[in-house]
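Work through the exercises below with the sequence and the model open. Try each task before reading its solution.

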Amino acid sequence: MSDSNRIHLGGATRAHGLKGHALCHIPSGKDTHLKKGHRVWLMPLAGSSLPKEGREFEVEEMLKGNELRLKLVGVVDRTALEQLLPFEIYCERSQLPPLKSGEYYLMDLMGLRAIDPSGAHVGEVSEYFETPGHLVLTIKLLSGESVDVPYVKHFFPSVDLEQGTIQVLLPEEI
């Protein structure tokens with residue numbers, strides 16, 4: 001799995017039960033396209049025994065409910081899983097369904113040049129996070145400061161992946 005084709009899906013920091021299921025946080029909510037047989041790439045977080053370059057696994061089971069629970073082939077029990085935790089989860093872009101017009105994977109927005117309504121370059125998208133109300137994009141401004149902006153049509157009227165730009169209407173207090 002090449003780094004450039006990997007899509008960040010979320011992460012896992014704790015185990016569920018005794019059979020080696022990981023409780024996953026997926027920013028897209030409870031919806032995931034991972035299925036049995038899909039390949040995922042796990043990247044370690046501090047405290048994980050995974051190699052620093054990560055490791056590929058096959059999905060044995062993905063259970064949906066109040067939380068997503070991921071079971072990996074070869075991870076036979078809670079003890080084995082706890083050696084791997086915590087980790088970030090990536091998958092190959094080709095394993096995900098095609099997007100409709102106007103839809104984007106969050107990773108596609110990272111690094112886009114942020115432009116104001118006049119087309120002037122004001123910064124770039126550096127990260128994202130979720131709040132109960134909205135997905136929020138962080139724009140690193142040319143001044144070096146960062147501003148968090150809710151990812152809604154009002155503040156982000158257009159995205160042009162071919163041009164590598166995202167139009168942003170920054171809040172006035174900036």
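**Exercise 1.** In β8, which residue is the bridge partner of I115?

Solution. The model used here is a predicted one. Begin with the two strands: β7 covers residues 113–115 and β8 covers residues 121–130. They run antiparallel and are joined by three bridges. Now look across from I115: its bridge partner in β8 is H121. A general point helps with the exercises that follow: strands of a sheet pair through backbone hydrogen bonds, either parallel or antiparallel.

**Exercise 2.** Follow the chain from β8 through β9 to β10, and state how these strands are joined.

Solution. Step one is the pair β8 and β9, which run antiparallel with seven bridges between them. These two strands form a hairpin, and four residues lie between them. Within this pair, Y128 has L137 of β9 as its bridge partner.

Step two is the pair β9 and β10, again antiparallel, with five bridges. A hairpin is formed here too, with four residues between the strands. L137 stands opposite V149 in β10. Putting the two steps together, L137 has Y128 as a bridge partner and faces V149 in β10.

Step three is the turn between β9 and β10, where G144 has a positive phi of about 100°. For comparison, most residues other than glycine have a negative phi.

**Exercise 3.** Is strand β9 mostly covered or mostly uncovered?

Solution. β9 consists of residues 135–141. A residue counts as buried when its relative accessible area is under 20%. Six of the seven residues in β9 are buried, so the strand is mostly covered by the under 20% cut-off. For the protein as a whole, buried residues make up 40% of the 174 residues.

**Exercise 4.** Place β7, β8, β9 and β10 in their sheet, and say which strands lie at its edges.

Solution. The sheet is open and has six strands, in the order β10-β9-β8-β7-β12-β11. Its pairing is mixed. The edge strands are β10 (146–150) and β11 (158–160), each of which pairs on one side only. Neighbouring strands here are turned by 35° against each other on average, direction ignored.

**Exercise 5.** What does the other group of strands, β1 to β6, form?

Solution. These six strands close into a barrel in the order β1-β2-β5-β4-β3-β6, with antiparallel pairing. On average, and ignoring direction, neighbouring strands in the barrel are turned by 50° against each other. Take one pair as an example: β1 (residues 6–16) and β2 (residues 21–25) are joined by five bridges. In this pair A12 stands opposite C24 in β2.

**Exercise 6.** Where is the cis peptide bond that joins L85 and P86?

Solution. Omega for this bond is about -10°. P86 is in the loop between α1 (78–84) and β6 (87–92). In general, most peptide bonds are trans.

**Exercise 7.** Describe the protein as a whole, starting with its elements.

Solution. First, the elements: there are two helices and 12 strands. From the N terminus on, they run β-β-β-β-β-α-β-α-β-β-β-β-β-β. Next, the dimensions: the C-alpha trace spans about 55 × 30 × 30 Å along its principal axes. Then the surface: the protein exposes about 9900 Å², and carbon and sulfur atoms supply 50% of this area. Last, the charges: the mean positions of the 18 positive and 24 negative charges are 9 Å apart.

Methods
Residues are numbered from 1 along each chain as its sequence is written. This is a predicted model: local features need pLDDT of at least 70, side-chain atom pairs count only at pLDDT 80 or more; totals for chains, interfaces and linings use all residues. Side-chain values use heavy atoms; hydrogens and water are left out. Two strands pair if DSSP finds at least two bridges between them. Axes are lines fitted to C-alpha atoms, for helices over the stretch in contact, and angles run from 0 to 180 degrees between N-to-C directions. Buried means under 20% relative accessible area, exposed over 50%, partly exposed in between (1.4 Å probe, protein chains only). Accessible areas come from the Shrake-Rupley method with a 1.4 Å probe; for residues, only the protein chains shown count as cover. Lys and Arg count as positive and Asp and Glu as negative; His and the chain ends are not counted. The place of a charge is taken as NZ of Lys, CZ of Arg, CG of Asp or CD of Glu.
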